[in-house]
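Hello,

Here is the structure I promised to pass on to you. Have a look at it first, and then read on for what turned up when I went through it.

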Protein chains: 4
Amino acid sequence: MQVGIIGYLGKMGQELLRCIEENDDTCVYKKDQDNEILQVHPDCLLDFSIPEAIASSCKKALVFQCPLVVGTTGLGNQHVEMLEKTSKSVPVFYSTNYSLGIHCLHTMLASIQKQLKDWDVGIMETHHTEKKDAPSGTALSLQKTLARNCPIQSFRLKGVPGEHQIMITNQNETIHIKHTAYSRKVFASGALDCARWLLSHKYENGFFTMNSRFKGEQNETNNTTNH
Amino acid sequence: MQVGIIGYLGKMGQELLRCIEENDDTCVYKKDQDNEILQVHPDCLLDFSIPEAIASSCKKALVFQCPLVVGTTGLGNQHVEMLEKTSKSVPVFYSTNYSLGIHCLHTMLASIQKQLKDWDVGIMETHHTEKKDAPSGTALSLQKTLARNCPIQSFRLKGVPGEHQIMITNQNETIHIKHTAYSRKVFASGALDCARWLLSHKYENGFFTMNSRFKGEQNETNNTTNH
Amino acid sequence: MQVGIIGYLGKMGQELLRCIEENDDTCVYKKDQDNEILQVHPDCLLDFSIPEAIASSCKKALVFQCPLVVGTTGLGNQHVEMLEKTSKSVPVFYSTNYSLGIHCLHTMLASIQKQLKDWDVGIMETHHTEKKDAPSGTALSLQKTLARNCPIQSFRLKGVPGEHQIMITNQNETIHIKHTAYSRKVFASGALDCARWLLSHKYENGFFTMNSRFKGEQNETNNTTNH
Amino acid sequence: MQVGIIGYLGKMGQELLRCIEENDDTCVYKKDQDNEILQVHPDCLLDFSIPEAIASSCKKALVFQCPLVVGTTGLGNQHVEMLEKTSKSVPVFYSTNYSLGIHCLHTMLASIQKQLKDWDVGIMETHHTEKKDAPSGTALSLQKTLARNCPIQSFRLKGVPGEHQIMITNQNETIHIKHTAYSRKVFASGALDCARWLLSHKYENGFFTMNSRFKGEQNETNNTTNH
């Protein structure tokens, strides 16, 4: 895959570059605030930069006529609208957390959400001390999937790339669900994985999220074994 | 609820009696190999005894014209057929694990089963040293829900009522799902809960399992939040 | 062992009675606010009641000339002084948490406390919703053993007898230490265990704590294997 | 610190080079089977290669008159004897696991080893599928510190840098102790940390291990709080 990166000097941009190198992909286009280096038109464009860059990224995707994968956080409605408009002409994928494991947590919690009405739930998240916001966006998003106002507790402790734990309790039993990210790489490789997925569905324009990607794979929970 | 218990002298029978007392239910009928004490006809009959007792339990349920909840393990096909035949006349509920939490684990694993095709999975279960069989029936049943031949490891350690852990791994991230039972009471109160559920659907005969009970609540995983 | 119980109508008193029954011990004396039932003089007196009862419990121990095991929480200095004075004449054991597992946590954290100077630490505790105070006394006590002002987070969730977790983090690695109590019984049986320990050292008066009990067993950490 | 690396082309050698770069240290000497590049004499020599290289590494340390830090696994007695002989002339540090967290686990388990005589213990370790040996050397070493023949279970699952869990159980309570390594970097930075520690004690020859390093910090477990 020949990849283009918007925001290649940022932390996620650098992580994407490392991932691309390890995967035998190549970076053929990279752009940051003051730099733009174009070798050939990329197969796919990834934007992990700032909301203000969205307009320019959309234009680039149209010029290259290639899918756009966006992981920039803090987008306003106007930015999402630009992405939706662009998605009429090229495939656009948008998520604020490209970890496939975190997506599994969403799927699992959605699947039991109604069963939990008599249970109590608590969410705990731990991140390194450089992370300024608390609770994490991912914790808030898990709370939304659970559709209940459960307590969230946050720790900011040295060196933790990201740990999310959901504790689900009832009389005489407890369920713990925990996701551990070992490094920022999980988000970069998840985004590249989504880019590859878009490319395998060539010419299908549209606006995609983690949910749409796994839709076919999560609709069929009624075929569990009888236990 | 006025309850009848088959196998009231066994460990689960005794646990059921304790639960009934705490819940303001009453036990109006109890039976074991050599004893049978009938006060009045029960609203519901619970059988946690031995496979050989099934035939007699089915007859009793027909006499009382009340639902039958079975938690006996090690049933053969001929026993299940008896239950199914009985379920034409009275509601019959059958499960080998009445913990609602373990049912949540099944639902969750079923919901992500297809998403996990590139992931590795391992199951670990720990039980007290009196438990003779390994791996536990519940671990085997979780493996079946995952529809893959993943490794299962068993510990038999003093005093552990029951712990099941599923480890789901990929490059750079790991998910741990763990169920902890605090006491045998979780199975007794789960069975009583299923009895109450049957009674709330009066006159509906049929053969029910944990899956049928929660069917309406687990079919709709596509309405997750976009994240 | 023939046991006496002060506060036998309280939750811990009832738990002690259940434990005594299961262990082939007997309760030969029991007292509560308005009741006092004496069969014979006990081998050991256990007080799990209220601070106001301490004076009377001390007198009883002197009358019976038997060891006194105290688990009452919320004692003031004046109560501890009474216990210390009494301990000149009979053995007195005092702890606010008789779980042997929690004592292991204290021993472990004390053993690494100096090694952790460059690490970050967080404590999380979860208890049932009836528990009013937060953080738990045990969490505060673990923090004291760590000799650092680390953050403590508390959850109050249905049905959890008591879970304490310490998370110890550094660049590239994390340690989780977790204690799970399955029921209140762990505190009752821990207290009875301490009573038995006192009786095995007959006639040695003095004021004992969990630390003094395990002193001989925790002083020798330098004989670890070379690894 | 100016570092020399024996085995710089191996996985740990490459990890050491990355760590050195990030820490503002420099690599002034590197050697592998067919290469040897010397800029200036190093302050410290690190050997993460193969047992057969030990003899040559010892000679180099004597030539450079600098400390030697060895992390090579699978050493025989004859290799350890060489290291001990060399340690009469220069400081030598030897460990098969330079993670400070794993050392904490050893210290903690040693501190409670005698308290655990009535408890059951199980060890579980999980590593990536490329790891050939099972159980891990670290699991065996933890078992040795516990001084008991407890069961060890191993999982080999995709992408797990290294997870060790010890489960300690008794009637009504359980302790879980878990160490998670996020990447191989933890071993490289631990070794560099030990090199720095040796340099801060200039001219003290001798044979050092993780135990000797933290000796002063683990001997004083009796000053725990009274709880």
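Which residue in β4(B) does B:Gly4 stand opposite? The partner is B:Leu45. Before going further, please keep in mind that this is a predicted model, and that the values below are computed from it.

**The sheet in chain B**

That residue pair belongs to two strands of chain B, β1 (residues 2–6) and β4 (residues 44–47), which pair in the parallel sense over four bridges. Both are part of an open sheet of seven strands in chain B, with the order β3-β2-β1-β4-β5-β6-β11 and mixed pairing. At its edges stand β3 (36–38) and β11 (206–208) of chain B; each has a single partner strand, so one side of each is left without a neighbour in the sheet. On average, neighbouring strands of this sheet are turned by 20° against each other, direction ignored. As a reminder, strands of a sheet pair through backbone hydrogen bonds, in either the parallel or the antiparallel sense.

Two helices of chain B lie across these strands. Helix α1 (residues 11–22) of chain B lies across β1, β2 (26–31) and β4 of chain B, and runs at about 170° to β1(B). Helix α3 (residues 77–86) of chain B lies across β5 (68–70), β6 (91–94) and β11 of chain B, at about 150° to β6(B).

Helix α4 (residues 100–112) of chain B is worth a look too. Its 13 residues should span 18 Å at 1.5 Å a residue, and the end C-alpha atoms are 19 Å apart, which agrees. Is α4(B) enclosed by the rest of the structure or not, judging by how many of its residues are buried? 13 of the 13 residues of α4(B) are buried, so this helix is largely enclosed by the rest of the structure.

**Chain A as a whole**

Chain A has seven helices and 11 strands. Its radius of gyration is 19 Å, close to the 17 Å that the globule rule gives for 227 residues, so chain A is as compact as a globular protein of that length. Taken along the principal axes, the C-alpha atoms of chain A fill a box of roughly 60 × 40 × 35 Å. Of its 227 residues, 52% count as buried. Among the contacts in chain A with a separation of 6 or more, 68% are between residues 24 or more positions apart.

**Strands and helices in chain A**

Chain A has an open sheet of seven strands with mixed pairing, in the order β3-β2-β1-β4-β5-β6-β11. The edge strands β3 (36–38) and β11 (206–208) of chain A each pair on one side only, and the twist averages 20° from one strand to the next. At the β3 end, strand β2 (residues 26–31) of chain A pairs with β3(A) in the antiparallel sense over three bridges, and A:Lys30 stands opposite A:Ile37 in β3(A). Helix α3 (residues 77–86) of chain A packs on the sheet, touching β5 (68–70), β6 (91–94) and β11 of chain A, and its direction makes about 150° with that of β6(A). Helix α6 (residues 185–199) of chain A also packs on the sheet, touching β4 (44–47), β5 and β6 of chain A; its direction makes about 150° with that of β4(A).

Then there is strand β9 (residues 163–170) of chain A. Seven of its eight residues are buried, so β9(A) is largely enclosed by the rest of the structure. Strand β7 (residues 120–127) of chain A runs antiparallel to β9(A) and is joined to it by seven bridges, with A:Gly122 opposite A:Met167. β9(A) also pairs with strand β10 (residues 173–181) of chain A, in the antiparallel sense over eight bridges; here A:Thr169 stands opposite A:Thr174. The hairpin of β9(A) and β10(A) has two residues between the strands, and A:Asn172 takes a positive phi near 75° there.

**Chains C and D**

A turn of 180° with a shift of 0.0 Å along the axis lays chain D on chain C with an RMSD of 0.1 Å. The two copies are thus related as by a two-fold rotation axis. The same surface serves both, as 100% of the contact residues of chain D recur in chain C.

Lastly, which residues does D:Ser189 contact, leaving aside its neighbours within four places in sequence? They are C:Gln171, C:Asn172 and D:Cys19. D:Ser189 lies in helix α6 (residues 185–199) of chain D and has 25 other C-beta atoms within 10 Å; 20 or more make a residue buried, so D:Ser189 is buried.

Best wishes

Conventions: Residues are numbered from 1 along each chain as its sequence is written. Chains are lettered from A and ligands numbered from 1 in the order in which they are written. This is a predicted model: local features need pLDDT of at least 70, side-chain atom pairs count only at pLDDT 80 or more; totals for chains, interfaces and linings use all residues. Two strands pair if DSSP finds at least two bridges between them. Axes are lines fitted to C-alpha atoms, for helices over the stretch in contact, and angles run from 0 to 180 degrees between N-to-C directions. Two residues are in contact if their C-beta atoms, placed from the backbone, lie within 7 Å. The radius of gyration is taken over C-alpha atoms; the globule rule is 2.2 Å times the number of residues to the power 0.38. A residue is buried if 20 or more other C-beta atoms lie within 10 Å of its own, exposed if 12 or fewer, and partly exposed in between; C-beta atoms are placed from the backbone. Copies are superposed by least squares on the C-alpha atoms of residues with pLDDT of at least 70 in both. The expected span of a helix is 1.5 Å times one less than its number of residues.
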